[in-house]
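I opened the model and kept notes as I went. The entries below follow the order of my look-ups.

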Amino acid sequence: MSRGVAMTSQPASKRGRISWFLLFPTLAILAVVIGWPLINLILLSFQEFGRAQIFGAPPEFVGLGNYQKILGDEAFWRVMQRSVIFAAVNVVATMTLGTLVAILMQHMVKPMRYVVQAGLLVAWAMPQLTAVIVWGWMFNTQYGVLNYLITEITGVDFIGHSWLSNPLSFFAVATVIITWQSVPFVALTIYAGLTQIPKEMVEAALLDGASGWQRFWQLTAPLLRPIFTIVTILQIIWDLRVFTQIYALQGLGGLREETSTLGVYIYLTSLGSGEFGMGGAIAVIMVVVMAVISVYYVRRTLKDMDS
Amino acid sequence: MATRFKRLKLVLGILAGLVIFVMSVFPVYWMLNTAFTPNGYTRRSEPLLYPALFTWENFQTVLFDEEQTPFWPALMNSLSVTLITVVFALLFAFLSALALARFKFMGRKTMIVVLLFIQMIPGEAMIVSLYRQLDSWQLLNSVIGLSLVYVATVLPFTIWMLRGFVVGVPEELEEAAMIDGCTRMQAFRKVTFPLLAPGLVATGVFGFIQAWNEFLLALVVNSRPEAMTLPVWLRTYQQVTNETDWAAIMAGSTLMTLPVLIFFIIVQSRMTSGLVAGAVKG
């Protein structure tokens, strides 16, 4: 322990008091803006709270009523299934492309690598909402540059092709947008990891005659496993709670009922139809799912902090 | 043979690099291209692939056309909310980071676990109760209400980021200054604080980007036209002028994107290392 002289000369109780004093503003604001609303959310999820209650009728406790209604609702399960599949596709696409880009970067000459890094940063930095709107313009039915380019290159007439009206094609567009913005983080992080692999190990593997494929699966992959795991968990969390991209794309075209994911569904149930109690119950389910997924991330981060 | 293989590898690397680069920046290029093209020319079967008819008129439309959703109030709201968020988040996060990095005390670990979990709570889940909460305090559609929410949502990560920087400044430096006759406060002010400045800048920029870009909570909490921030304004603008003025929509997108792009590129590496702190070091 390299605690300072001044530090160790203070009794533990005083250090504790100073610490909590320093933490006080943070604790106060988190308690008020996160803690209290979270308690309210849980209470809300056990209440009948609809339009009547907004206009002053007292809310009524219905026990597990809201949860029963939701878990028995086919629409909820469709949304859930859609969200999970959508997140899975996006996570796999992002991780695969990100890893591929990272490996390619490693094999590039330096100036080219800087060019690629700059490009990735630009894509990453774009605000989510502007990204959706710009892509929406590029996918525009009549005047979109993509329909124009496809028509020019393949010769098949795509002008007037609507990308957002079919749910499957809607999600393909959403996947392109999300992957485009997520690959930079994954690629740069994995690239940073790749540069940490000792050169001697790679050379030894080369001497042993390992092919590129073997080197990746037997050397790189195991060494980078912690990075892969953390990045994958973060991607799962981010893709499962996607809101902005789906909501804004729906505004550009696309059917709400057939394209809503969990986040949008909570928004529509609560603020759209005024079913606050139901929306609250779905929100609680979402928080629990996120917390479970986060457990590994939190444990891993704590372990790294102590070492 | 070996040199030929090397040359092939070089060429393939450059090709792959160019493909990745073009795919990454094309949407941004297309946004700028449309923003600087006269609106009439954006709605033709053959688009102009570069701004051959360069014009500022779309920016004029966005900034000064009073008939559409006005831009300036949204800009002012965004600037106010962002500034308040950055100042308070930095201040509170700095105090907390000091406590978590420099003191070992009962409940420290619990505090860190709580912060990490709060960071993972999706905003979507909180909209209902946050809406009701702010409503009961009469803070809906106000700069203060939204700023309050943003300070709370960025705090966990800013504390985490700053903690990393504080840990990076060895306490021995402060002690050396104290041996030379400084008081603890002086040592902190003259030695530790200057060393933390880059960390504070990076963390501040992170808060800026979050508050500037945030869409969902702003949409729920500040939905009135006079209370909108830029992202909500941009979407409203797009909804109103859709199919008629894509050039102006792209000009608006450009105005919203540029500040973020510049700041982001400055602090990118410091932010990433915060997210995957331990993982990269192994």
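Entry 1, a helix pair. I looked up the handedness first: α8(B) passes α9(B) in a right-handed crossing (clockwise turn of the near helix from the far one by less than a right angle; anticlockwise would be left-handed). I took helices as DSSP runs of H or I with at least four residues and strands as runs of E with at least two, numbered from the N terminus. On the α8(B) side I listed L173(B), E174(B), A177(B) and M178(B), and on the α9(B) side R184(B), A187(B), F188(B), K190(B), V191(B) and T192(B). Contact here means C-beta atoms, placed from the backbone, within 7 Å. By class I noted six nonpolar, one polar and three charged residues in this contact. Nonpolar covers Ala, Val, Leu, Ile, Met, Phe, Trp, Tyr, Cys and Pro, charged covers Asp, Glu, Lys and Arg, and the others, Gly among them, are polar.

Entry 2, provenance. This is a predicted model, in which local features need pLDDT of at least 70 and side-chain atom pairs count only at pLDDT 80 or more, while totals for chains, interfaces and linings use all residues. Residues are numbered from 1 along each chain as its sequence is written, and chains are lettered from A and ligands numbered from 1 in the order in which they are written.

Entry 3, the loop between α6 and α7 of chain B. I found Q138(B) there, between α6 (123-136) and α7 (143-168), with a positive phi near 60 degrees. Q138(B) is exposed, with 9 other C-beta atoms within 10 Å. N141(B) lies in the loop between α6 and α7 of chain B and has a positive phi near 55 degrees. N141(B) counts as partly exposed because it has 18 C-beta neighbours inside 10 Å. The cut-offs are 20 or more other C-beta atoms within 10 Å for buried, 12 or fewer for exposed, and in between for partly exposed. Most residues other than glycine have a negative phi.

Entry 4, chain A. I counted 16 helices and two strands in chain A. Of its 307 residues, 41% count as buried. The radius of gyration of chain A is 25 Å, against near 19 Å for a compact globule of 307 residues (taken over C-alpha atoms; the rule is 2.2 Å times the number of residues to the power 0.38).

Entry 5, chain A against chain B. The contact takes 87 residues from chain A and 85 residues from chain B. Helix α2 (residues 12-45) of chain A gives the most to the chain A side, with 17 residues. That side divides into 62 nonpolar, 21 polar and four charged residues.

Technical notes
Contact = placed C-beta atoms within 7 Å.
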